Every structure is written in C-alpha cells, then in structure tokens.
Amino acid sequence: MAKILSDISRTFSEYLLIPRLTEKQHIASNVSLKTPITRFKKDETPRLSLNIPFVSASMQAVSGAKMAIALARRGGLAFIYCSQPINKQASKVSRVKHHKAGFVESDSNVKPDTLLKDTISLINKTGHSTVAVTHDGTSKGKFLGILTDKDFWEYEDDLEKPVSHYMTPREKVVHGSIGISLHDANSFLHKHKKECLPILDKEGNLDALVFKKDFFDHRINPEELLDSEKRLVVAAAINTHDFKKRVPALIEAGTDVFTMDSSDGYSEFQKEAALWIREKYGDTVALGGGNVVSAEGFRYLAEETGVDFVKVGIGGGSICITREQKGIGRGQASALLEVIAERDNYFKQTGMYIPVCSDGGLANDTQIIIALAMGADFVMMGRYFAMTNESPPPKISMSGRLFKPYWGEGSNRARNWQRYSDEATDTTMKFEEGIDGYVPIVGSVNDVLDVTLAKLRATMCNNGALTLREFTEKAIITRVSEQSFVEGGTSNIVLPDQKTTKEF
C-alpha cells in the first residue's frame, strides 16, 4: 500500500508573517542581503556568497548573457541554460566573463546600404536607439558610422533610402581606442557632450560602445558579484548526459557556478555527474543539485553527491505542467519547509551547512519574502525575469502592449529532451512538461529588483532582522484562511474608473 502523507500540500499564498519588534537600528540602509551559495562548515566562511538572494532559472526564455551580466552587476546570478550546443553556451559564458563594466558589445548593427525602414524595424525590435554601422553589419566589423533616433524623422524622411544617407560618418564621430579606461571614456563623453563613445581597434574595427548612462549605472551598483580578478561571476546549467564534454568547455570559458538542470534530482544519474565533477575539479567550482521536494531527497544529495546547494521544487513554475502530466510534485511551501528542516538537522548532526534554493512557485513579491522567511537561502525565478528587457526573446507587440515569448524547458519549443529523459539515446519528447505562452514586459532587471528588494528590506525591518539568517530565526509565520484573503485585499469600496471620474 502507498504511504499517504497526512499534511496538505501547501503554497506560499497560505501564509503570512507576524511582525516582531522593530528597533531603531532596523532601517533599510542597515539591512544586508548577503547569502551563501556554497556549503560551509560551522564557524567557516562560504567560498562564495550572493549579495542578493536572487538567481534566474536556467531557461531559454530567461537566462542568456544579457541576463547574466545584469544580475551579476546587482549581486545575483543567472544560470545560462544548457539546452543549446556546448559551444554556444560556452560563448555566452565567455561573453559575460569578458564583460567590462561600461564597455558594451553592440547589439544593434547594420550595413551602410541597409534601408532606413529596415533599421527602424531593428530599433523597434531591440529597443536600442543607437545603431552602429559597420562594413558587414556585425558588432566587430569595420566601423563606418553611427545612427541614432535623432538622425532621422520616421514620418517625414524617405524610408527607402540607405542608412548611409542619415548616419554620422566615422570621420565626424568622436571615438576611443582599445585600452582606454572607463574613466577616460566617460571624460570624453562629458567633454564632447555625447551620449555614446565607440571603441575601435587599431584596424578601425568596432570593439565596444560606452554609453553615458552606463557610467551612472555602474556607480549605483556597488554590490556587483565579482571573482578574485574583478570579473563578473558566471553561472551555467548542465545536464546528466553530456556533462563530461560540457563541463570542461564551460570551465575553460570561465564558469564559476554550476547547477544540475533536472526536473527530478533525486537520482543516481545526478550522483554520477556530481562525483565526476568533484573528482576532476574539486572545490574550484560551485555545484548545485536538485530538484527535490522531500527530506529524503535533500539527504541523498547532501550525503551522496557533495553538492554545494540544493534546489527545491517540482511543478511549481508558471509554465510547468509536470504535476498535471505525471502526478509528481508538491506544494512549494510544504516542500521547502520539509527540506529546510532537514537542512537544519543535517547541520546540527554534521556541522556542514548546505544552502537551499527555492525554485518556482513564486507568483509575487510577497511570496518571495515568505520563501526567504521560511528559510530559503535564495530563490530561483523564471517568469519574474522573463518579463524584463534583458531576457533573450525578442519583444512582441500585441493589442498595443509589449510582450515576450515565455516557454518551459519541458515544452516542445525548448526541445530539451536531456532534462526529461533518462536515456541518452532517446532524443525525442513523448509528452510535454511545459507550456508556451507570453508574458508582459515590465521593465529592466534593475526596475523590478529595485521594487522587490525595497519590499524585502522593509519586511525584514518589520520583523526585527538585519540579515537573512536573522530574518529566518525570528520569523513567526501564520496560516491564513479563505476569509483572510478577502480581508487582506481591497474590499467594501468602489474603485474609480480613472478615465471617467472627475473631481469637483
């Protein structure tokens, strides 16, 4: 007979925090969100910590090079997806590792004979108002000029004319050379009252662009996650099929942190991959395992694989249908609470602390806060980051609003058979565990993080905590009833229609 758990499978929306004493010291500026991502012994310092408790999911629609750069600059990490050829994933890792704050590789490039109408389409697609003109239309071609949205008027100029008719030619463009410091580049911009400075090599090829706005952006990101050589920390996902080829290539490209990309990490396949990585590379890289939803699953990964952190969650993502298709999974809150309890027991028994990542099941900022209060060291999110400008898919306009495509790694669109098959020879997907849809664009990674981090810090102060560890230790959490949901929302008032309401 099957074993039936008496506890109900619960979600984060079923809980609220009880405020604790807020002392005068409990202000947002005093709050630290630093959190470990590698295992460590009692009284020791983790090999690597995040400066904010957020990482993005290893999904095609979420974590590319742009996302990795944006999140590392804020103190988090993006796990560059592995459902792509090894060389392409390694290239993305290398791009992040070689990113120099303020020096940006041009993403919008055209040839001089490109028609203005096609260039405008590119601008609308990428959202970039500055376009580099090179001889071959690539980001590393011979620099011929630059075009901004101030150089033409879409509704008056001849859209059938080539860009060369409107661009500012190279001889009139203020530019810098490779080797220039960011300080000097920004001094150039200030001196010549320019918004963009192309950086060229000795042969006149475009190497990078420096934007005035990025200088100020760099000044407001003091919590960048950097390695010992002051480069951005890079994370990548791997699978249990081609890891012997993928891992060496990714390490050579500069990967600092790996995670197993699996819907169910409680397996000997994951153990084999983890032990191979540890035997070959030791602790030179951080390695995460998962996903699990039980104490039993956590204990297996902790004792048998030597992973640095464990991801919790099966079927909780907004585009994941694993529970519906296979009947496997658990309410994210219930799964997290059981694993956290086992993590703490393991720490008491062995003196080894293994960070836990809550992956999926987070519908809003409040639920993110509840997950951290329950004891998650950090959270992994897909939809949250898929809605930002930095996610890989192109922008799509529907009914006057901008959206981005968003699909699960278990969907046919992802074709990520490696994540859902135990047989390396079976490269077909018999059924889907993810869906394909769209999400509205909400702004940049900075925009969404600013709001969420402000809420998190404020809640921690309400609970008398200045660190995430203190937040968890002091948290008092209560279950809520159906009527509590009603009471907690707007009720018994009429909400005005802003379009028709007038003041008298």
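# Salt bridges, a sheet and a helix in a predicted model

The structure holds 22 salt bridges. It should be read as a predicted model throughout, in which side-chain atom pairs count only at pLDDT 80 or more.

One of these salt bridges joins the side chains of Lys97 and Asp227, with 2.9 Å from N to O. The pair links distant parts of the chain, since Lys97 belongs to helix H2 (residues 86-97) while Asp227 sits in the loop between helix H5 (212-219) and strand E14 (235-238), 130 residues apart. Lys97 has a relative accessible area of 3%, and because buried means under 20%, Lys97 is buried. By the same cut-off of 20%, Asp227 counts as buried too, at 14% relative accessibility.

Asp227 also takes part in a salt bridge with Arg231, where the closest N and O atoms are 3.0 Å apart. Arg231, at 30% relative accessibility, counts as partly exposed. These residues belong to a network of salt bridges that links Lys97, Asp227, Glu229, Arg231 and Asp256.

Elsewhere, the side chains of Lys117 and Glu160 meet in a salt bridge of 3.2 Å, N to O. Lys117 lies in helix H3 (residues 116-126) and Glu160 in the loop between strand E9 (143-148) and strand E10 (168-169), so this pair ties together parts of the chain that are 43 residues apart in sequence. Both partners are given in the table with the other residues discussed so far.

| Residue | Relative accessible area | Class |
|---|---|---|
| Lys97 | 3% | buried |
| Asp227 | 14% | buried |
| Arg231 | 30% | partly exposed |
| Lys117 | 34% | partly exposed |
| Glu160 | 46% | partly exposed |

For the protein chain as a whole, the secondary structure comes to 16 helices and 24 strands. Of its 504 residues, 51% are buried, and the chain exposes about 24800 Å², with carbon and sulfur atoms supplying 51% of that area. If one takes the contacts between residues at least 6 apart in sequence, 65% of them join residues at least 24 apart.

Among the strands, 3 form an open sheet in the order E21-E22-E23, and their pairing is antiparallel. Strand E21 (396-398) and strand E23 (436-440) are the edge strands, each pairing on one side only. On average, and with direction ignored, neighbouring strands of this sheet are turned by 50° against each other. Strand E22 (residues 401-407) is joined to E23 by 5 bridges, and Phe403 stands opposite Pro440 in E23.

Among the helices, H7 (residues 268-281) allows a simple check of length: at 1.5 Å a residue, its 14 residues should span 20 Å, and the end C-alpha atoms are 20 Å apart, which agrees. The buried residues in H7 are Gln270, Ala273, Ala274, Trp276, Ile277, Arg278 and Tyr281. An α-helix has 3.6 residues a turn, so residues three or four places apart point the same way. The buried residues of H7 pack against several elements, namely E14, helix H6 (243-253), strand E15 (257-260), strand E16 (286-292) and helix H8 (295-304). Just after H7 comes Gly282, which takes a positive phi of about 60°.

Methods. Residues numbered from 1 in each chain as written. Predicted model: local features only at pLDDT ≥ 70, side-chain atom pairs only at ≥ 80, totals over all residues. Heavy atoms only, no water. Salt bridge = Lys/Arg side-chain N within 4 Å of Asp/Glu carboxyl O. Helix = DSSP H or I, 4+ residues; strand = E, 2+ residues; numbered from the N terminus. Buried < 20%, exposed > 50% of the residue type's maximum accessible area, 1.4 Å probe, protein only. Pairing = 2+ DSSP bridges. Axes fitted to C-alpha atoms, helices over the stretch in contact; angles between N-to-C directions. Contact = heavy atoms within 4.5 Å. Areas by Shrake-Rupley, 256 points an atom, 1.4 Å probe, with all protein chains shown as cover. Expected span 1.5 Å × (residues − 1).
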